[in-house]
Amino acid sequence: MPKDGSKTRTLLLDAALELALENGLAATSIDEILEKAKLTKGTFFYHFKSKDELAVELVRRFVEHDHALFKEAVARVESLSRDPLQQVLLLCGLAAEMFKEAPENPGCLMASYCYEGQLFNEESRKACEAQLRLWADWIEGKLKSAAKTRKPAPADLRQVAEMFQVIFEGAFILARTYKEPDIIAKQALAYRDMLEALFSAGQRTPLDRQK
């Protein structure tokens, strides 16, 4: 074993993540992970007792990365504008920018967890739930703050907030099916346009709506 075991552990996790997003973790064997990472079976079992243990660690690491991404994105948009609606619109723009050059097979490990839940434990499920709710809670809070000064069209703002994640998960599927990775960025911008329309519609007078 190399003295720095963290490097080989990272290689295993990186290889497993790439294969899991491409084929699903259930369909990915330990041998395939080892082949991609160019490591031996002894190395694998030095770090993980089983593929199930690796799966749990994959989710933990993915959620941790997503949490860091959330904090960075929120800090950036809140530094650029004090207006809550503008902050959400800026977040959509950041997301679109991030996915302009998405990988050929983009995906979300948390979505994979939902499809292959038997590979994960309750702790992993709760971690995924908490992280997904974190994004929705922040967006909902901003939309409700914005609604105090500019009335939106009638809508359940919680559902509108959760649509942010729904759009991305759906966009991942379309991007892979159509082989058009730029769909993800386009959907982020479409969500931004929808929010602008939602809050603009509430400002229109009855006479405007008849035109």
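Q: What makes A127 part of a helix?
A: A127 is found in helix α7. Helices are DSSP runs of H or I with at least four residues, numbered from the N terminus. This is a predicted model, where local features need pLDDT of at least 70, side-chain atom pairs count only at pLDDT 80 or more, and totals for chains, interfaces and linings use all residues. Residues are numbered from 1 along each chain as its sequence is written, and side-chain values use heavy atoms, without hydrogens and water.

Q: Why does A127 count as buried, exposed or partly exposed?
A: Buried means under 20% relative accessible area, exposed over 50%, partly exposed in between (1.4 Å probe, protein chains only). A127 has 28% relative accessibility, so A127 counts as partly exposed.

Q: Why are α5 and α9 called roughly parallel or roughly antiparallel?
A: Helix α5 (residues 84-98) and helix α9 (residues 183-201) pack at about 165°. Angles run from 0 to 180 degrees between N-to-C directions, with axes fitted to C-alpha atoms over the stretch in contact. Under 35 degrees is roughly parallel, over 145 roughly antiparallel. The pair is therefore roughly antiparallel.

Q: Which residues make the contact of α5 with α9?
A: Contact means heavy atoms within 4.5 Å. Among them are L85 and V88 of α5, and A185 and F199 of α9.

Q: What makes I139 and L143 stand out in the largest nonpolar core?
A: A nonpolar core is a set of buried Ala, Val, Leu, Ile, Met, Phe, Trp, Tyr and Cys residues joined through side-chain atoms within 4.5 Å. This one has 64 residues, and I139 and L143 touch the most other members. Helix α4 gives the most to this core, with 10 residues.

Notes. Helices (H or I, at least four residues) and strands (E, at least two) are DSSP runs, numbered from the N terminus. Angles under 35 degrees count as roughly parallel, over 145 as roughly antiparallel, 65 to 115 as roughly perpendicular and the rest as oblique.
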